[in-house]
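Thanks for coming. I will walk through one structure this morning, a piece at a time.

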Amino acid sequence: MYLSAHTYYSFRYGTLSPAELVSEAARRGVKAMALTDINNTSCTSEYMTECRKHGIKPIAGIQFREEGAFQYTGIARNAEGFRALNAHLSHCSLSGTPIPEEAPEMPDTYIIYRKSPKPVEALRANEFIGIRPEEANGLYSSPLGKHPEKLVVFSPVTFLDETGFKTHKLLRCIDQNIILGKLRQHDCANPTEHFHTHESMLHAFRNYPQIIQNTERILDECEISMPMTSRNNRQTFTGSERDDFQLLIKLATQGCRTRYGLHNKKANERLRKELQVIRKLGFAAYFLITWDIIRYAQASGYHHVGRGSGANSIVAFCLFITDVDPLELDLYFERFINPHRTSPPDFDIDFSWDQRDDVTDYIFKRYGTEHTALLATYSTFKGKSIIRELGKVVGLPKSDIDLIVEQPLAEHKHHPFARHIFRYGKRIEKFPNYLSIHAGGILVSERPIHYHTALQMMPKGFPITHFDMYHGEDMGFHKYDILSQRGLGHIKDAVQLIRENRGEAVDIHQVDRIKEDERVRDQLRSGHCIGCFYIESPAMRGLLSKLRCDNYVHLVAASSIIRPGVAKSGMMREYIKRFHNPGDIRYLHSTFEEQLGETFGVMVYQEDVMKIVHHFAGLDLDESDVLRRIMTGKKKSSDTFRNLMQKFFRNCKERGYPDELTREVWRQVESFSGYSFCKAHSASFAVESFQSLYLKSYYPLEFMVAVINNFGGFYSTELYVHEARMQGAQIEAPCVNHSRYLTHLYGDQVYIGFVHIQSLERKLAHAIVEEREENGPFRSLEDFVNRIDIAREQLQILIRIGAFRFTGISKCALMWERNAVHNPQVRHNGSKALFNAEAETYTLPTLPESPYEQAFDEIELLGFPLCSPFELLARPNATYLKETILSGEMRAHNGRTVRMLGYYVTRKPVTTVNGKLMSFGTWLDREGKFFDTTHFPPCLARYPFKGKGLYFIEGVITEDFNFPSMEVTRMKKLPYRKDGRY
């Protein structure tokens, strides 16, 4: 008789997972139970699956609360009822209206109040009042006792025992951001919200059998099923499956002619084969909807990158969803779709970060808001945040909490409450905390989405489902991943800047031509790819140099072997070794040479695992993909895995392979599949990398300004500004007469944008640009303050950064002039003065500026100096500094101990197998060139990094495949010159 049960998807309230709730119910012999999470339907499908496993009748519902206050519980009689409940909750979230005290009319539901908002006589036929077992004895003196026909048993389940109740109270305190002592009784569940014996329930209501009958009738009448099938997705694009397939054939065939010409037999055969599989599995609509999204983006002038396993498809290539040629790279369609795959296919479509939302908006408007939603993710309680939350709840001061967080094993230093924090922290670890937005997953459903879930409006302005991608996959949904990345923003903005600065139109879609361009290949071979998507990091710079990488195929491989799993396994080093010594390669079997010659016998890609399983052991390609997928997951105990493994060994025996060879190939397949990368994914990244390289090679200044303006990349803004200077730019501090909100380029002059000035108001920055564009440049400080409404502190920031240097007046003098011409008490009314009043004339004493005042102001206001940081060195002529070498001299000193002067760029901390910390450092030398250092644990412990700045570094030069670096033995941070401003 449970009309209300909560899981931990009643955020910061429930304490049980769906599996725990159902398992305990089954143990107690419960036959039917309603899931009514608070304002949530995240786990409804999982709950139903668990119930059917345990022979329990699942019932779906929602408990509606407003600001924590109970309003009513809604229980679905059928699928229409569940849709109505979801629609009601969604309406409140999407419209921003409070959940009303009285439920709207929803005929296919049952509504249970605790306190009726209207007289009992006015309750609808499907509305009841819930009575707790402990309240039953009080009915004899209550007016409700006269209306047993409108009463039901209300015995919610929120926890299992006393420990669960305490956990619940801690969650409630976290939710309300209060200490435990301030938790009020009505803000948490009743201590009796656990399972009761059937006999105790009957005993509690022994004088009111009709209440028991009402409850059992509701449980009997509710019947709901949620189809877990791919039919949940939108089934057609045109309205007819037959017409969909005909349209797909037409579009793919036309695209094939464009991509491959009229008579490419191999392409036509591959296309025909793929179309047959797509038709058999019913994915024509999925391809056409993706094509439609791309069509809209292209019509809007948006650049995109199609990647993921979808790039294995020649149909996707011919629909221009991707720019990766699967024939050129020998990509297997079976990696994307095959009849044995239970999970849906997956396209990842990247757009520029500032265009993605418009594409998302198109999908909602094109396919209807009743059928479209973004996927959710569950933000969970984890790690240090749990300790901080529970520490606040039990009232510990911040210092005590910090100590527990930073030294979790130092029990002797902890507050006595720490043991309770750890105990209950372990209980709530991985509990869902709130809903967030998936990186880009969008669902388009066949039936209205409310048949499956309620929706929640997010600050971005798009609604999300209550379930995440894993629950969605279990329900049969496949998602459209509409993602964003800064790399495409670099490309888009660079093309625009080239048009503005040079008057040239650049077509970066001519990928085949770009891949063969000699200047681009030289740039790639140099490893100097700062700002270029995916290939700019220090590790990638080193790898490209070691591989002398200068073509697309090798870049695809490099993009894969740089990943942590490959590097950690030792196969990245093995790949480089084989690249340099191809004559020394000893292939395990001729199949490895035939199928993996491109990667020197190393299984770099997921497709390589498939190749070996298929060509060496004779498994079908779709079986090979299933085996690969199982090996990367946690289903190695499944029957499917055992059958495929047996087939692998059986086929090898039939082919006459020695047992030792078979076992070794199996070992390599098993180990490689755990870290191998999707080749199509790497290929898609490599296309974008080449486009970035092209822009950097031919239009370096425009490209670097675009990188600066997109605020994304491996490095800080300072490094990208430095790179622009190295490419020939004249870097200018912000100026009220030249700067825009973002950084801008005039010829070879780069003016830093107002956005980079710390504490400068965004509204003011835009006002300066708008006033200048409308009424011309500012003539003086006085002219500026007469035209711009500005606060005293904001004006001081602009003077300090040098934004009025066009006046020829020193900053000190401008500070004095500010006092004479600027009266912040006088507010602008938008109208100009009829006449220019003459200002008083006065003579100031000479106010000299210190030599490096501008640089120190820039460090404070921009975060970095615009001059070379080496100019700020306190003792530039010290004897020990004269003995330092430059980056370009490192190879000549291989094996020797040398000294270097470096400006800190970045570091990568790494934990050794012994659990000790070491680091890899990246620096600039006095000429602005990169060099790299290795800091082993003993050295790092003695000479730690101390933040940004200049360092004196001593160590031994080592060379790895012609790439030099330094193993550091000593390091110290050097002081800057004295700040003359103070």
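Let me start with one pair of residues: Thr922 stands opposite Asp932 in strand 20. Keep in mind that this is a predicted model. Strand 20 covers residues 930-935, and six bridges join it to strand 19, residues 917-924. Strand 19 and strand 20 run antiparallel.

Now the sheet around them. Five strands close into a barrel, and their order is 18-19-20-22-21. The pairing in this barrel is mixed. On average, and ignoring direction, neighbouring strands of the barrel are turned by 50 degrees against each other.

Next, an open sheet. Its seven strands have the order 8-9-14-11-10-13-12, again with mixed pairing. Which strands are at the edges? They are strand 8 (304-307) and strand 12 (455-457), each of which pairs on one side only. From one strand to the next, the twist of this open sheet averages 45 degrees.

Inside the open sheet, strand 10 (residues 372-380) pairs with strand 13 (residues 463-468) in the parallel sense, over two bridges. Leu374 has Ile464 of strand 13 as its bridge partner.

Helices pack on this sheet as well. Helix 3, residues 79-95, touches strand 12 and strand 13, and its direction makes about 10 degrees with that of strand 12. Helix 9, residues 284-299, touches strand 8, strand 9 (348-352) and strand 14 (480-485). The direction of helix 9 makes about 30 degrees with that of strand 14.

On to a helix pair. Helix 28 (residues 679-698) and helix 29 (residues 700-710) pack with their axes 5 Å apart, at an angle of about 125 degrees. Helix 28 and helix 29 are therefore oblique to each other. Helix 28 brings Ser692, Leu695, Lys696, Ser697 and Tyr698 to the contact, and helix 29 brings Pro700, Phe703 and Met704. Sorted by class, the contact of helix 28 with helix 29 has five nonpolar, two polar and one charged residues.

Last, the cores. In soluble globular proteins, nonpolar side chains tend to be buried together. Here the largest nonpolar core has 136 residues, and the members touching the most others are Leu695, Phe784, Leu798 and Phe804. Helix 28 gives the largest share of this core, eight residues. Leaving out residues up to four places away in sequence, Leu798 touches several residues, including Val736, Phe754, Ile757 and Phe804. A second, separate core has 131 residues, among them Tyr260, Ala284, Phe381 and Phe431.

That is the tour.

Note on methods:
Residues numbered from 1 in each chain as written. Predicted model: local features only at pLDDT ≥ 70, side-chain atom pairs only at ≥ 80, totals over all residues. Heavy atoms only, no water. Axes fitted to C-alpha atoms, helices over the stretch in contact; angles between N-to-C directions. Helix = DSSP H or I, 4+ residues; strand = E, 2+ residues; numbered from the N terminus. Parallel < 35°, antiparallel > 145°, perpendicular 65-115°, else oblique. Contact = heavy atoms within 4.5 Å. Nonpolar A, V, L, I, M, F, W, Y, C, P; charged D, E, K, R; others polar. Pairing = 2+ DSSP bridges. Core = buried A, V, L, I, M, F, W, Y, C linked by side-chain atoms within 4.5 Å. Buried < 20%, exposed > 50% of the residue type's maximum accessible area, 1.4 Å probe, protein only.
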